Amino acid sequence: QNSCFLEFEVTDSVTDLKLKKTLQKPIKIDSLKIEKRIQKELYNLRNIGFIESSCDSTIWNNKKCVAYIHAGKKYKWLKLSKGNVDEAALSESGYREKIYNNAIFKEKQTADLFKKIIRYYEETGYPFASIKMDSLNFDNNISSGKLYIIKNKKITIDSIVYDKSLKLSSSYLYSYIGLKPG
């Protein structure tokens, strides 16, 4: 558990000022936290459009670690279409097609959208739903695609039977298990 300096070296020629500013100066850090910090920086890069970013290698020299970063191209959405996702799920998730038109491709934004759509389906009887991108297309640094939901089987609970000797109110029980009658 020693302190050292972490430096980032971008291996491809990039002119993006935000990228350069993000990785420009050495960071004093606990040597045990190097890998976590590198992953954090890659996550940050992916959220400003560099979705190809990766750490190619790390070189240690005394109290200095240099992480060689491949940034790749900065990607933008041309369009992310709603695909087969229900309007109610889109509305609940906050999806608006215009948010993704000619906008920077942000990993976190897309992952959050997927989580919200899945949560909607889970809460409406599809606990095994999954979502993916369909017709994903990359042309140079422009991407487009469609959302595609696989609902799987609808699960309904028609009744809950419990031992009345437990002296639990039905409203408490429904609240505890997170279900609503009806």
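Isoleucine 155, in this predicted model, is partly exposed, with a relative accessible area of 38%, and its place in the chain is the loop between β8, residues 142-150, and α6, residues 170-177. That isoleucine belongs to a nonpolar patch on the surface, which it forms with Phe128, Ile157, Leu166, Leu168, Tyr172, Tyr176, Ile177 and Leu179, and together these residues have about 920 Å² of accessible area.

Let me turn from the surface to a helix. Helix α2, which runs over residues 34-46 and so has 13 residues, reaches 19 Å from its first C-alpha to its last, and this is close to the 18 Å expected at 1.5 Å a residue. Which residues of α2 are buried? They are Ile34, Ile38, Glu41, Leu42, Leu45 and Arg46, and because they cover an arc of only 140° around the axis, they lie on the same side of α2.

Now the cysteines, since a bench biochemist may well ask about them. How many disulfides does a search of the whole structure find? The search finds zero. Cysteine 4 is in no disulfide, and the nearest cysteine sulfur to its own, that of cysteine 65, is 6.4 Å away, whereas a disulfide would need the two sulfur atoms to be within 2.5 Å. Cysteine 4 counts as buried, at 3% relative accessibility. Cysteine 55 is likewise in no disulfide, and here too the nearest cysteine sulfur is that of cysteine 65, at 7.8 Å; with a relative accessibility of 26%, cysteine 55 counts as partly exposed.

How values were computed
Residues are numbered from 1 along each chain as its sequence is written. This is a predicted model: local features need pLDDT of at least 70, side-chain atom pairs count only at pLDDT 80 or more; totals for chains, interfaces and linings use all residues. Side-chain values use heavy atoms; hydrogens and water are left out. Patches are made of residues with over 30% relative accessible area and no salt bridge: like charges are joined within 9 Å, nonpolar side chains (Val, Leu, Ile, Met, Phe, Trp, Tyr) within 5 Å. Accessible areas come from the Shrake-Rupley method with a 1.4 Å probe; for residues, only the protein chains shown count as cover. A salt bridge is a side-chain nitrogen of Lys or Arg within 4 Å of a carboxyl oxygen of Asp or Glu. Helices (H or I, at least four residues) and strands (E, at least two) are DSSP runs, numbered from the N terminus. Buried means under 20% relative accessible area, exposed over 50%, partly exposed in between (1.4 Å probe, protein chains only). The expected span of a helix is 1.5 Å times one less than its number of residues. The arc is that of the directions from the helix axis to the C-beta atoms.
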